[in-house]
Amino acid sequence: MGAEREAVIGGAVGTASPLDLSVDAHVHTGFAAGRDAVGVVVSAADRTGLSALTFADQAGPDTTWLTAYADAVRRARHRTEMTLRVAVEVEVVRADGWIALPADLAQLDALSVAVSDLPLGDQLLDAREVRSRITAGELTGERVAEALIAATVKGLERASRYVPTQLARPLALLAQAGVDDAVVSADLIAELATACRSTGTVVEVSEAWRSPSPRVVALLRETGVPLVPASDARYAAEVGHWHYLRRL
């Protein structure tokens, strides 16, 4: 099943080949973190020449707009030749991989799984708290990396039971906390890569977050993990515009 799903993200087959910059696998709209309506985003993507677009607004247990959101994307499909997919961005909130999921997943084509805060024991630490604890000697960068990878792997395993998965801005928390991703060993990357392959997860390479780093992108490519461009655009004008990705 994982091999079959290693595939269609935004209408493109995920492989370890160069990124297909005609695909944008993560954009936001005014339903949540973005500023523009679905139709405005689609028009902007058309002008940019994209072939496929995945909407991935942030959602959780209290989200009430999923039906209206999915309906808006379905209506937009009639006005474009692009492949449009309905996804939401969800957060891993516990060390065991528990995800803050919306109640209804039936309307989704994918889940974009993010780990924005560090699940550690029974706590959820934001980047500022992680940095503070490292400065105080209560945590090391290596321990943070281990906990982050472990939570990510368990989150992907859990999410993939329900809907095809993609991993949003992997390891971006490290940079936010001032931790060089050199602390992420090759063994940890291998653990993440194994989880991605076994769950059919495609890894987003985020323009907005500059994540993952060139080093991590190279390591993931070497292991055959499928990668896909993701602008993480909050404004329509940002959709499908690549600077960081072109340098990779």
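In the next few minutes I will talk about the salt bridges in this structure, which is a predicted model.

As a reminder for those new to the topic, side chains of opposite charge can pair when their charged atoms come close. When the whole structure is searched for such pairs, 8 salt bridges are found, and I would like to go through some of them.

Let us begin with Arg77 and Asp109, whose closest N and O atoms are 3.3 Å apart. Arg77 belongs to helix H3, while Asp109 sits in the loop between strand S5 and strand S6, so this salt bridge ties together parts that are 32 residues apart in sequence. How accessible are the two partners? Arg77 counts as partly exposed at 33% relative accessibility, and Asp109, with a relative accessible area of 29%, is partly exposed as well.

Now please look at Glu91 and Arg169, which form a salt bridge with their closest N and O atoms 3.7 Å apart. Here too distant parts of the chain are linked, since Glu91 lies in strand S5 and Arg169 in the loop between strand S9 and helix H6, 78 residues apart. Is Arg169 buried or exposed? Its relative accessible area is 8%, and because buried means under 20%, Arg169 is buried, whereas Glu91, at 23%, is partly exposed.

My last pair is Asp96 and Arg94, whose side chains meet in a salt bridge at 2.8 Å, N to O. Asp96 is partly exposed at 34% relative accessibility, and Arg94 is partly exposed with a relative accessible area of 40%. Finally, returning to Glu91 and Arg169, salt bridges that share partners join these two residues and Glu89 into one network.

Conventions
Residues numbered from 1 in each chain as written. Predicted model: local features only at pLDDT ≥ 70, side-chain atom pairs only at ≥ 80, totals over all residues. Heavy atoms only, no water. Salt bridge = Lys/Arg side-chain N within 4 Å of Asp/Glu carboxyl O. Helix = DSSP H or I, 4+ residues; strand = E, 2+ residues; numbered from the N terminus. Buried < 20%, exposed > 50% of the residue type's maximum accessible area, 1.4 Å probe, protein only.
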